Amino acid sequence: MPVLARVRRGSYHDSVALLQAQQALRQMPGVEEAGVVMATPANLALLRGAGLDAPELQGAGPDDLVAVVRARTQAEGERALERLDELLSPRGPAGGAPYRPRTVRTAVRALPGANVAVVSVPGRFAAAVAEEALREGLHVFLFSDNVALEEEVRLKRLAAERGLLVMGPDCGTALVAGAGLGFANAVRRGRVGIVAASGTGLQEVACLVHRWGSGISHGLGTGGRDLSDAVGGASFATALAALAEDPGTDVVVLLSKPPSPHVARQVLALARRCEKPVVVNFLGAQPPPQVGNLYFASTLEEAARLAVRLSGGHPPAEAELEPEAVPWAAGQRWLRGLFVGGSLCAEAQLVLRGSLGRVWSNVPLSPDARLPDPLVSREHTVVDLGSDEFTVGRLHPMLDPSVRSQRLLHEARDAEVAVLLVDVVLGFGAHPDPAGELAQAWEEAVGTARRAGRELVCVASVCGTELDPQPHGSQVERLRGGGVVVAPTNAAAARMAGALCGRSEPRGEAGPLPPVDLPDGEGRTHGVPAAVRELLRGPVRAVNVGLESFAQSLQSQGVPVVSVDWKPPAAGDAELLELLSRLGG
Amino acid sequence: MDVDAANDVVVRRILDAHPVLVGVGRALDVVPGMRKDLILHAGPPVTWDRMCGPLRGAVIGALLYEGMARDEREAVELAASGAVRFEPCHHHAAVGPMAGVTSASMPVYIVENRTHGNRAYSNFNEGYGRVLRYGAYAPEVLDRLRWINETVAPALGQALQRMGGLDMKATIARQLTMGDEGHNRNVAGSSLFARQLAPALADCGLARDELRGVLRYLAENDLAILNPVMAACKATLDAAHGVTGSSVVTCMARNGTEFGIRVSGLGDRWFTAPAPVPKGLYFPGFREEDANPDIGDSTITETAGIGAFAMAAAPAIVKFVGGTPQDALAATLEMYEITLTENPAFAIPQLDFRGTPTAIDVRKVVRTGITPRVNTGIAHREPGVGQIGAGLVRPPVAPFQEALRALAELVSP
């Protein structure tokens, strides 16, 4: 079957536009498979993996757009690719459409009282947009990943000078005064406040708190590197201090992967000063016993359970799922976890290491379990498909589930694989029917395995609520209808998947978990800038720069939002950008 | 050297400028550096061999008008011989619409910037149809030009003197509240012009026929005020030119072959690129293939923050920009992306009296990729056919990028 490709050098398009073009190409007559992506190494590898390789892809780089189709005939492929430019042509304002501002400065003018910029432009441009927003007096929700660490330090320093909060970079979600930013679930408002350096960690805890009857006051993201030595917990400390004095918050939950020991001590010292119970989950660290107002949880599930209990609610007991015996074929023994949520991936590893021993991952809990090639699983493997190497120049798998679907089919063809473990993340900004996409891929995967005489089991959890645009109950039903086993929490799903695989001997030694260093005493007070206090009082008024779907989800929540019609500065020309930075432009 | 600090100075000068139309004079007598063998033209410098049709036609017309050639053939020979010199109006504190051709004996408006003391000049507008500024040079064209120059110009000069000058800043401000943007639409401004001049003209002791002719010139020419408006913009921007380190554009102009800009902090250098053909609406019988590439100094209006930059004020001509008043608003809103300030003197009622976007920053143009919008008349590519339409043109981004490079070399080598 002929494979045809087109390369557009130095061409930038919103990744949603790319996805739409890709879907449109797929639906054209005679087209078997299509890919429209920025030509990052990871994307090129994915294209090749999907049988979409062509000589034209040689020499294409991250700034180049490539479109590849596999078609029944050469002519049909040509005809489909001829429509590429039309499919990519900007959704330009039709005659009479209101003006779309091109910069944050003019957007603020168009939305008086704007207080947050939601930034999701490609990483290398994101810091400049965030800086512009800070200079316009906006708090920043910085969804973009691939932002340099020194840029993050610089932005947070600037934010501190201006009394503003930077949530991010690589901040997946936030719940601010009832508004969900980025990938956010619709949760009831309540007395539990969350500060999270992990996006899906915040989502999982917020959803469990909601499903177990309590609610969320605010869920403030900080970005995954905030608790590193370099950043020093700049956003975390401000957010924690703000929730400590927030009259709407009774219990504070802190979520992060294990921080730098020095920063952890500082943050916990600050938490000790808080006159409210504080639940701490440093996912992947050994939780110490309770100290004063600090309650340590080992998993997200446990953190949610503690938070609900401390806020006066009654969470259900841990679900005990009895897996049915599965007639495995000889040699079937490995677990493969395919995650879209980074913290869910980490939580699964934490649960599984107890029953399965060493679990390989591209984002391992300890360095000795690092997967040499994220694209190739070995033994027990749990992959985070939302980590940087998979998302440069393409959509996050929460928006575009096709990456996982392809990997699922690939794993199902491996005769040694027995159990698949997945997360399904619902909410604003996420794919409209992730369970449907997964169930469809799973049906195909199971079919392939069965034809080869193997049984496969897929265990899933669904992170979401009944109030989400994709209601939790119907998504669970869709999965069960497709033969997927659904557990009530991500931790429960991992326990069950581990139990299914558990007949085999544990593989290798799981390295020890790092301890949590406790502070000697209480920290100094951390002032809460007036503008942050103001922000939590709400309502949120947002300037959206980047993914259009984030603006749409804000609109659907009734949040006033103005969208910047963002384009790369100086069309991404490196020489001109350098001149502009020298000239302060 | 701090670009922002330099720009603050420039912005201040633009906003503080106070252009007043003080009188009329003969180019040779009043335009700095004017000589008998010199012909001024619109846009950046251009040699005879590279001149477009309309500009060549206007040069031929000017040589005939000045009596330097007896016919077209002689005029072409003379122009090609190097015996007459061609220089941009902009090199002589002057501006002219379309071909912008101004020769020694032609009268010019004199606009004085009362704040900064500098003066700027512009020739007289001949109205619509077959006119010199579109490259026509038939005997009747030159006859009418002579009548304007010999009858209308002195009368207006006298009237202006009696009035003690006419405040252009106030007049532009008023016309913007009356549906003009000051470039393609000047109906309201020209009416204000006539209304202010008429009483003074009545006192100038003109013969009844002459007075009737002058008043009719003002009454029938919707563009009568365009040239003084352009000179007012020029007087404003000249005062802002030459501030070391500034990235503000102080001149945009086209000669029908090239589009060029000058930047306050970059002295007398021009940054040019081939002039594009405007997109627009064509008069019956004409099409885009007939159009000459963009021509004229009238982009001085956009450079000063009116014209296409004030499009929101002129809903009557929205057909040029897409068709709806919303598009007109969008046109102005877009220009705020590339400008440093808003001119409170020129408030746009349709934007809740927000000032017009003012002081184009080459850095912002390069960063956003948004080039200034320009409203413009469209000339036929053959000399003398005249205006065949009107529309919108976006200058190329290359001159702005070049200027940025030059500025970087100067400011932070």
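Helix α15 (residues 434-451) of chain A lies across β16 and β17 of chain A, running at about 165° to β16(A). Angles run from 0 to 180 degrees between N-to-C directions, and axes are lines fitted to C-alpha atoms, for helices over the stretch in contact. Helices (H or I, at least four residues) and strands (E, at least two) are DSSP runs, numbered from the N terminus. The model is a predicted one, in which local features need pLDDT of at least 70 and side-chain atom pairs count only at pLDDT 80 or more, whereas totals for chains, interfaces and linings use all residues. Residues are numbered from 1 along each chain as its sequence is written, and chains are lettered from A and ligands numbered from 1 in the order in which they are written.

The strands beneath this description belong to an open sheet of 5 strands in chain A, ordered β15-β14-β16-β17-β18 with parallel pairing; two strands pair if DSSP finds at least two bridges between them. Because β15 (381-384) and β18 (485-487) of chain A stand at the edges, each with a single partner strand, one side of each is left without a neighbour in the sheet. From one strand to the next, the twist averages 20°. Strands β14 (residues 334-339) and β16 (residues 417-425) of chain A run parallel and are joined by 5 bridges. W334(A) has V417(A), in β16(A), as its bridge partner. Helix α12 (residues 342-356) of chain A lies across β14, β15, β16 and β17 (457-463) of chain A, at about 165° to β14(A).

The contact between chains A and B takes 19 residues from chain A and 28 residues from chain B, two residues being in contact if their C-beta atoms, placed from the backbone, lie within 7 Å. On the side of chain A that touches chain B, helix α20 (residues 574-582) of chain A gives the most, with 4 residues. That side divides into 10 nonpolar, 6 polar and 3 charged residues, where Ala, Val, Leu, Ile, Met, Phe, Trp, Tyr, Cys and Pro count as nonpolar, Asp, Glu, Lys and Arg as charged, and the others, Gly among them, as polar.

Chain B is assigned domain 1 (18-229) and domain 2 (241-411), with bounds from an automatic or database domain assignment. Taken over C-alpha atoms, the centres of these two domains of chain B are separated by 21 Å. Their contact takes 44 residues from domain 1 and 44 residues from domain 2. On the side of domain 1 that touches domain 2, α3 (53-65) and α6 (168-176) of chain B each supply at least two residues, and α3(B) provides the largest share, 5 residues.
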